[in-house]
Amino acid sequence: MFKQPSIIHESAIIGAGTKIWAFSHVCENAVIGENCVIGEGVHIGPGVVIGDNCKIQNHALLYTGVTIGNRVFIGPNVVTTNDIDPQACGDWSERFRKTIIADDVAIGANSTILCGITIERGCRIGCGSLITKDCKAWHRYYNPNTQALQMAEMTTPTNGTIRIEP
Ligand SMILES: CC(C)(COP(=O)(O)OP(=O)(O)OC[C@H]1O[C@@H](n2cnc3c(N)ncnc32)[C@H](O)[C@@H]1OP(=O)(O)O)[C@@H](O)C(=O)NCCC(=O)NCCS
């Protein structure tokens, strides 16, 4: 089922039961398995492969070179990469790196995955993480910088919002 307007390239393969919500772009030769949910505004680059029963949340960016297994959760605004040292001009084929996200992985919102990385089966990536190295199967990873922020002193102003003080 497609929620228009989305752009699905004619060469893309989309499995039975997969739903794609509005404003998403599925590029040439992308393969999406069965019973997936692709949220709003998702970019699925040329040749990206996604397995079955995956949930890709709104505005996730999955660039060429990304391969995703089965039952994978990709949180909103997750960013993958494929150029290890990006520059605007010139050939970048030497800098291209693939990324593998194995079965049963869940990646929290706003995480960024450096390219050339393998996230092994069952990993949980906390929201806001920056992943720069391979992740071992069935482990949890959080970004230490985010944790440091959470440890900063917090006050609750009378208007009810939370302010983080350095
Ligand atoms: C990682 C996560 C799954 C919790 O894992 P957990 O092992 O149960 O972690 P806990 O809640 O017990 O917290 C353990 C510690 O890590 C910290 N922590 C938890 N999540 C964190 C994160 N994303 N980044 C940094 N630190 C985090 C906690 O503050 C706690 O710190 P403390 O030991 O100083 O108290 C959860 O925090 C998370 O990030 N979920 C993703 C939510 C999301 O993006 N959902 C998708 C959109 S709906």
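Asparagine 53 is partly exposed, as 19 other C-beta atoms lie within 10 Å. I start with this residue in what is, I should say at once, a predicted model. A residue counts as buried when 20 or more other C-beta atoms lie within 10 Å of its own, and asparagine 53, with 19, is therefore classed as partly exposed. Its backbone also deserves a remark: phi of asparagine 53 is near 55°, a positive value in a residue other than glycine. Where does asparagine 53 lie? The residue sits in the loop that runs between β8, residues 49-50, and β9, residues 55-56.

Histidine 59 offers a second case. This residue, not a glycine, has a positive phi of about 65°. Its place is the loop between β9 and β10, the latter being residues 61-62. Histidine 59 is partly exposed, with 19 other C-beta atoms within 10 Å.

Let me now turn to the chain as a whole. There are 22 strands and one helix. Of the 166 residues in the chain, buried residues make up 27%. Among contacts with a separation of 6 or more, 15% join residues 24 or more positions apart.

I come next to the sheets. Strands of a sheet pair through backbone hydrogen bonds, in either a parallel or an antiparallel sense. One open sheet has seven strands, paired in parallel, in the order β3-β6-β9-β12-β15-β18-β20. At its edges are β3, residues 19-20, and β20, residues 140-141, each pairing on one side only. Within this sheet, β9 pairs in the parallel sense with β12, residues 73-74, over two bridges. Isoleucine 56 stands opposite isoleucine 74 of β12.

Another open sheet has six strands, again with parallel pairing, ordered β2-β5-β8-β11-β14-β17. Its edge strands are β2, at residues 13-14, and β17, at residues 118-119, and each pairs on one side only. The pairing of β2 with β5, residues 31-32, is parallel and spans two bridges. Here isoleucine 14 stands opposite isoleucine 32 in β5.

Finally, the core. Which residues touch the most other members of the largest nonpolar core? They are Ile32 and Ile56, in a core of 29 residues. Both have already appeared in the strand pairings, Ile32 opposite isoleucine 14 and Ile56 opposite isoleucine 74. Leaving aside neighbours within four places in sequence, isoleucine 32 is in contact with Ile14, Gly15, Thr18, Val26, Ile38 and Ile50.

Notes: Residues numbered from 1 in each chain as written. Predicted model: local features only at pLDDT ≥ 70, side-chain atom pairs only at ≥ 80, totals over all residues. Core = buried A, V, L, I, M, F, W, Y, C linked by C-beta atoms within 7 Å. Buried ≥ 20, exposed ≤ 12 C-beta atoms within 10 Å, placed from the backbone. Contact = placed C-beta atoms within 7 Å. Helix = DSSP H or I, 4+ residues; strand = E, 2+ residues; numbered from the N terminus. Pairing = 2+ DSSP bridges.
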